[in-house]
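These notebook entries record what I looked up in one structure. I proceed from single residues to pairs, and then to the core and a sheet.

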Amino acid sequence: MASAAVAAPVRPRARLGKKEKQQLRQDVQPTEVQPAAVPTSADANSSALLDHFLLAQPQSSTCPVVFTKDNIYGFLTSGSSVLIYSVATAQLVSTLSPLAFDSPTAPAPSTSTSRKVSSLLINPHNPLQLIVAHLDGTIRVWDYSEGKLLRTLDLAAPVLFATGHESLPDQLFVALAGPAKDDAKTSAKDKKETVPTAGIYSISLRASTTAPSVGSALASTPRPPSRRMRLAHPRPIVALQLSPSGKHLISVTPTSLHVLQTAHLQRGFAETLESEERLTTLAFHPSEDYFATGDARGRIRFWYGALKGEEEDEQEKKAAGGRPATAIFHWHAHAVSSLAFTPNGAYLLSGGEEAVMVLWQLHTGHQEYVPRLGAPILSLAITGEQRADGGEQVVAARLRDGTTVLIGVQKLKISRTIAGVKADPPTSTPGPSSNNLTPLALLPTTSTSSSSTTLVLPSSHPSSLQFYQPSTDTQVLELEVSPSNRVSAAGSKPLEPTRVQLVAFSQPEEKRANGGYWMATVDSWQNGGFKEQQRLKFWWKKNGEETSFSLTTRIDSPHSSPITSLSFSPSTSTTSPLLLTTSLDGLIKLWSLTSPSSSAQASWTCRSSLSYRSFTPLSSSWSADGSMFAIAHSRSVTLWSTRELSLIKAFACESVKPVTKVAFGGEEGETLLAGGEHGVMGWGLLDFEESFSLSFPVASLTSKPNSSTIIATEKPIFTPSSSSSSGVAAASSSPSTSNEGASTSTAFIIHAPSSSTSESKPSVSTRPLPFPVTQSLWLPTPPSTSEELSLAALSPNGTVSLLGAAARVGSAILPTRLPTAVQRGKGMSRLFDEIFGAEEEATKVRMVKEEAKVDSKGKKPESALSLLEETPAHVLPPVRMLWREMLGGFKVASSPSTAVEKMVVGEGEGDAEMVEQEEASDVVFAPSQAEELSKVFGERLLLSSPKKSPSKQLSGTPKSGKKGKH
């Protein structure tokens, strides 16, 4: 028996897990160790991922702007956050971000788009609450005046659309993404569409009480809704909207409209209206029972009689031959992306690919236009006819480049623009040029403050540049380098635009009489199989002038082949700057001014042309004093003298070839670095000896000014990525997940040896990057920061992000509460202040004598309570928002004694003073009575039943001679 037990077969081991496989690979193939000659520091932060802040979403949000009931504020979606802007000033006043309310133990989202906002609406039952739907399957309810998250509902599926109505209490209709049901009702044309599939549900805004109580006290803890009912199986969904009366719900598919009567939810979408063309958008008339749809051919169709009662609907259908009557407006050549009726119902707004907003007069069909908005229109929204601040009625148009323009309806002109970084449209494709260069530079300035940092980036169109300040999240300037057509004819091949490839700036010339700086740009255009055409342009900008750059010189075909690098020499008080260009034709050219004076009338010409054997120059860099410049060739690096234009030294780079990057480093620029496909090398310029070498593929080299720090980023290694089967998974806004599965790379921080120290070898430390970096730029940092890195980085898909210390500056520019909410204190609403006027901005509280104050006319100022009593009831907010102000108008005794002290908010800056106590002859409520009344209001108005009904009666009565207020 014992021997049988020993001979029993051993159970085979289960399949290895992911971590076990990684450990096995490390044991079999250990990672390559850095050369012993280069000491690598391993500090505590070496394994921490660098902070990053994405400047612009690669795919702009299609959610229309939502306005408050008083039309004072507008809500704009940006990634996972909601930005609150003032309609009057277009200034950012608050932000609602779920990241600020996440629990420290909560798992981080896998990608940035997993929390992207998909739908937005004001709570129909509370105008101070905002309902935000996300692609991570959650719906968040916010108190936007306080910037507080009230609750989070978990629907376990991405939310594509959400809509509600005040006539449907505790009811929200949502479209949840899911696989399409293969049945006869889904047409073959619908299945071919790329729109996501979703099922229609009716849910409650209340959280389920049967959910686990762990963490239930946190508003950020997702909890399922208390009620959920499915109304339709998953199908391709283009839009989901409720009619203004709340009686009908329409879901739009690419080829049909499905109508549901909200009074009979159990019947589902009982009526279907077929469309001849692919539908793109839907809008309801505000007062009449009809709606309008837009299609891919640019037509606007009005559907009459589809929203009437069943009997009336049947009669009209019979009269119309079985389908409702329709009418068509047609102006757009491309698909209609958005429709919106004006509040009075007399006009219709439409927009699309043409970047033109069309205003249709419904009774006559007359059209008016607002052209050249700058980018295709994604959505349109209009404020009410009357704004609480008395301003003009405006239309908010969201554009595909991320910009929102506010258009006044009286003059039909753009009044204000809300723009951060304009994103390149996702439909644009890389140019046919083989080098695929992207302009990225820092605007020259004499200030060392990080608040004055201005980045120069590609704009929404490839032929333009934008100037962006990260500290204020504003676009300072947009410059069209090469004017070109942006809209092609319908059905034809898109026009190939002119693309800006390179940009460079000279240093400001403050010591010279002109006091300005130069900008050089390289743009190219190629059509079909023709040769690429390149143009070199020189622009002049004078300091202190608010005007844009002025073009002084344009040079067609500066090289016979594409240009690979562009850089200005550091100018001094006596010499003018030189421009250095390298090209695939093997030539190195220096460009200079024709006259010694740097003015707008001066022109540029080629000063000299150099070459080194038959090697192709790929990159260039200037020394700090401008006396030398280095050129990176495929197999070597050459060092040249600026004055004599002679070769100083040629460095062989066989171990790291092909060399694509070159830079000067060190505190005094005494180190020359070269980076290539197989590593990075460094040489000392005092003895021309190799000082160090590292083995890793180099993507970019960046030197910190006046420092020995050099940042070398590792070239990304692309790995296959799994494709998502859901149609909702859009392109990720995180650069780390949008590059065909590219893995994250590493930043090598190299501290070059200085001539003032005895060290002969550099020290190297590493930091993991959140995404692959192909190009980087050093940014100034605040003196108080402890982060060693501060970069603007370009990812392989063209998105620009801030890394390190610069990321915290970019992500901390937004407040979290409305300014009035901060001043007024907890619990006070912005809506009350807008109706009755806010108190003075002073926040110090002082004790003053309770004397009757009079104004210059001898009249006592009216209190908020008196205004409350005299204001008509139909313009007042709900009572639950006013009860604190009502109680504040009555005097409350602080003790049973006959003395009282009054706390008021004063305008002065003096300290609190104690005043004489006087007889409290006008006391209305005792403290216990006021607390009891406050408790009753709090329990009743928070929509929750009190635990115990108050049994204590109000016994206080006013003294003789005083009239009590109840």
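**Entry 1: T163.** In which strand is the place of T163? I worked on a predicted model, and I located T163 in strand 10. I then looked up its accessibility: T163 is at 11% relative accessibility and counts as buried, because the limit for buried is under 20%. Leaving aside neighbours within four places in sequence, I listed the contacts of T163 as L121, L172, F173, L240, Q241, L242 and L249.

**Entry 2: salt bridges.** How many salt bridges does the rule count? I obtained 14 salt bridges. I followed several of them individually.

I took D170 and R227 to begin with; their side chains meet in a salt bridge at 4.0 Å, N to O. D170 lies in the loop between strand 10 (159-163) and strand 11 (172-177), while R227 lies in the loop between strand 13 (222-223) and strand 14 (228-236), so this pair ties together parts that are 57 residues apart in sequence. I noted D170 as partly exposed at 23% relative accessibility, and R227 as partly exposed at 35%.

I turned next to R400 and E353, whose side chains meet in a salt bridge at 3.6 Å, N to O. R400 is in the loop between strand 28 (394-399) and strand 29 (404-408), and E353 is in the loop between strand 24 (347-352) and strand 25 (357-361); the pair therefore ties together parts that are 47 residues apart in sequence. Are these two residues buried or partly exposed? I found R400 buried, with a relative accessible area of 15%, whereas E353 counts as partly exposed at 30% relative accessibility.

I then examined K422 and E478, whose side chains form a salt bridge at 2.6 Å, N to O. This pair links distant parts of the chain, 56 residues apart: K422 is in the loop between strand 30 (413-418) and strand 31 (441-442), and E478 is in strand 34 (residues 474-480). K422 counts as buried at 12% relative accessibility, and E478 is partly exposed with a relative accessible area of 29%. I also recorded one network, in which salt bridges that share partners join R115, D136 and R140.

**Entry 3: the largest nonpolar core.** Which residues touch the most other members of the largest nonpolar core? I counted 18 residues in this core, and F75, V82, L130 and Y144 are the ones that touch the most other members. Strand 3 (73-78), strand 4 (81-86), strand 5 (92-96), strand 6 (117-122) and strand 7 (129-134) each supply at least two residues. Strand 6 gives the most, with three residues. In soluble globular proteins, nonpolar side chains tend to be buried together.

I looked up L130 in more detail. Not counting residues up to four places away in sequence, L130 touches F75, V82, L96, L120, L121, I122, R140, V141, W142 and Y144. R140, one of these contacts, is also a member of the salt-bridge network with R115 and D136.

**Entry 4: C653.** Where is C653 found? I placed C653 in the loop between strand 46 (647-652) and strand 47 (659-665). C653 is buried, with a relative accessible area of 0%. Beyond residues up to four places away in sequence, C653 touches R635, S636, V637, V659, A674, M681 and W683. For A674, I noted a C-alpha to C-alpha separation of 8.1 Å from C653, with the two positions 21 residues apart in sequence numbering.

**Entry 5: an open sheet.** In what order do the four strands of the open sheet run? I read the order as 1-57-56-55, with antiparallel pairing. Strand 1 (52-54) and strand 55 (775-778) stand at the edges with a single partner strand each, so one side of each is left without a neighbour in the sheet. Neighbouring strands here are turned by 25° against each other on average, direction ignored. I checked one pairing: strand 55 and strand 56 (residues 790-794) pair in the antiparallel sense over four bridges. The bridge partner of Q775 in strand 56 is L794.

**Entry 6: annotated repeats.** I consulted the unreviewed UniProt entry, whose annotation "repeat: WD" covers residues 110-152, 272-303, 329-370 and 556-601. I looked up residues 272-303 in the model: the chain there is 0% helix and 62% strand, and the end C-alpha atoms are 13 Å apart.

Methods: Residues are numbered from 1 along each chain as its sequence is written. This is a predicted model: local features need pLDDT of at least 70, side-chain atom pairs count only at pLDDT 80 or more; totals for chains, interfaces and linings use all residues. Side-chain values use heavy atoms; hydrogens and water are left out. UniProt positions are given in the numbering used here, feature names are shortened, and annotations may be inferred rather than shown by experiment. Buried means under 20% relative accessible area, exposed over 50%, partly exposed in between (1.4 Å probe, protein chains only). Contact means heavy atoms within 4.5 Å. A nonpolar core is a set of buried Ala, Val, Leu, Ile, Met, Phe, Trp, Tyr and Cys residues joined through side-chain atoms within 4.5 Å. Two strands pair if DSSP finds at least two bridges between them. Axes are lines fitted to C-alpha atoms, for helices over the stretch in contact, and angles run from 0 to 180 degrees between N-to-C directions.
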